[in-house]
Amino acid sequence: MTTPVCTSASNGMTRPSPYPSFASYVRARQPVLLRTARSLTANPSDAEDLLQTALTKTYVAWERIEDHRALDGYVRRALLNTRTSQWRKRKVDEFVCDELPEPDPVVSAEDPAERQALHDAMWRAIMKLPARQRAMVVLRYYEDLSEVQTAEVLGVSVGTVKSAVSRALGKLREDPELVLVR
């Protein structure tokens, strides 16, 4: 004859949880224990997982713990041991090599403030152009449209776009604010 695994199912009586004080302990001490777990890990999600694992180990050993006044110390030790085990099992992706795999940093002589000043000067020079030339320059060089696409958008011929953009670029080359940049 087999022994029933769940005794409450065999006799029809409901039986209280074998560890009612464990649930109350977890409810009362979880915030404090979670802070301890967070101090052991860098990621809050990893800390929650670490605490779950330590509480599972505590639940399994609940009957063997003689002094329930020292539960915090037991759980903290379980946290520390579990974290140490995880640390030892981690995969190491670092290898010793003769030269560093990182590329040399690119030293830019360009100052961000100077770049912004040039950008502003360029837009002021473009705003001085007649509306039609300005539209063609913006479509060609800022929107990166071809001459044919620019002509279609503006409803003019390709030759008109070529000559107007050429005149506009000539005016931009002569702009006193942009001459200092060259």
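**Exercise 1. Orientation of α3 and α4**

In this predicted model, α3 and α4 are oblique to each other; work out which angle and which cut-offs lead to that description, and then describe the contact.

*Solution.* Begin with the geometry: the two helices pack at an angle of about 120 degrees, and their axes lie 9 Å apart. Next, compare this angle with the ranges in use, in which 65 to 115 degrees counts as roughly perpendicular and over 145 as roughly antiparallel. The angle belongs to neither range, and therefore α3 and α4 are classed as oblique. The handedness is a separate property, and the crossing of α3 and α4 is right-handed. On the side of α3, the contact is made by Leu50, Leu51, Thr53, Ala54, Leu55, Lys57 and Thr58, while α4 contributes Tyr74, Val75, Ala78, Leu79, Thr82, Arg83 and Gln86. Sorted by character, the residues of this contact comprise eight nonpolar, four polar and two charged.

**Exercise 2. The nonpolar cores**

Determine how many residues the largest nonpolar core has, and which elements give two or more residues to it.

*Solution.* The largest nonpolar core has 17 residues, and those with the most contacts inside it are Tyr25, Leu33, Ala37, Leu51, Leu55, Val75 and Leu79. Two or more residues are given to this core by each of α2 (20-40), α3 (44-60) and α4 (71-89). The largest share, six residues, comes from α2. To see how a single member is surrounded, take Leu51, which touches Gln30, Leu33, Leu34, Ala37 and Leu79 when residues up to four places away in sequence are not counted. Apart from the largest core lies another, of eight residues, among them Ala125, Ile126, Val137 and Leu178. As general background, nonpolar side chains in soluble globular proteins tend to be buried together.

**Exercise 3. The packing of α5 against α6**

Describe how helix α5 (residues 112-128) and helix α6 (residues 131-142) pack, and state which residues of the two helices meet.

*Solution.* The angle between the two helices is about 140 degrees, with their axes 9 Å apart. Because angles count as roughly antiparallel when they are over 145 degrees, α5 is instead oblique to α6. The crossing in which α5 passes α6 is right-handed. In the contact, Met122, Trp123, Ile126 and Met127 of α5 meet Arg134, Val138 and Tyr142 of α6. The residues of this contact divide into six nonpolar and one charged, with no polar residue.

**Exercise 4. Two individual residues**

Decide whether Leu118 and Asp144 are buried, partly exposed or exposed, and place each in the secondary structure.

*Solution.* Leu118 is found in helix α5, and its relative accessibility of 35% makes it partly exposed. In sequence Leu118 is 59 residues from Glu177, whereas in space the two are 8.8 Å apart, C-alpha to C-alpha. Asp144 lies in the loop between α6 and α7 (147-154), and with 64% relative accessibility it counts as exposed. Asp144 also has a positive phi of about 60 degrees, although it is not a glycine.

**Exercise 5. The chain as a whole**

Summarise the secondary structure of the chain, and give the percentage of its residues that count as buried.

*Solution.* The secondary structure comes to nine helices and zero strands. Of the 182 residues, 23% count as buried. Finally, among contacts between residues at least 6 apart in sequence, 50% join residues at least 24 apart.

Methods. Residues are numbered from 1 along each chain as its sequence is written. This is a predicted model: local features need pLDDT of at least 70, side-chain atom pairs count only at pLDDT 80 or more; totals for chains, interfaces and linings use all residues. Side-chain values use heavy atoms; hydrogens and water are left out. A nonpolar core is a set of buried Ala, Val, Leu, Ile, Met, Phe, Trp, Tyr and Cys residues joined through side-chain atoms within 4.5 Å. Buried means under 20% relative accessible area, exposed over 50%, partly exposed in between (1.4 Å probe, protein chains only). Helices (H or I, at least four residues) and strands (E, at least two) are DSSP runs, numbered from the N terminus. Contact means heavy atoms within 4.5 Å. Axes are lines fitted to C-alpha atoms, for helices over the stretch in contact, and angles run from 0 to 180 degrees between N-to-C directions. Angles under 35 degrees count as roughly parallel, over 145 as roughly antiparallel, 65 to 115 as roughly perpendicular and the rest as oblique. A crossing is left-handed if the near helix is turned anticlockwise from the far one by less than a right angle, and right-handed if clockwise. Ala, Val, Leu, Ile, Met, Phe, Trp, Tyr, Cys and Pro count as nonpolar, Asp, Glu, Lys and Arg as charged, and the others, Gly among them, as polar.
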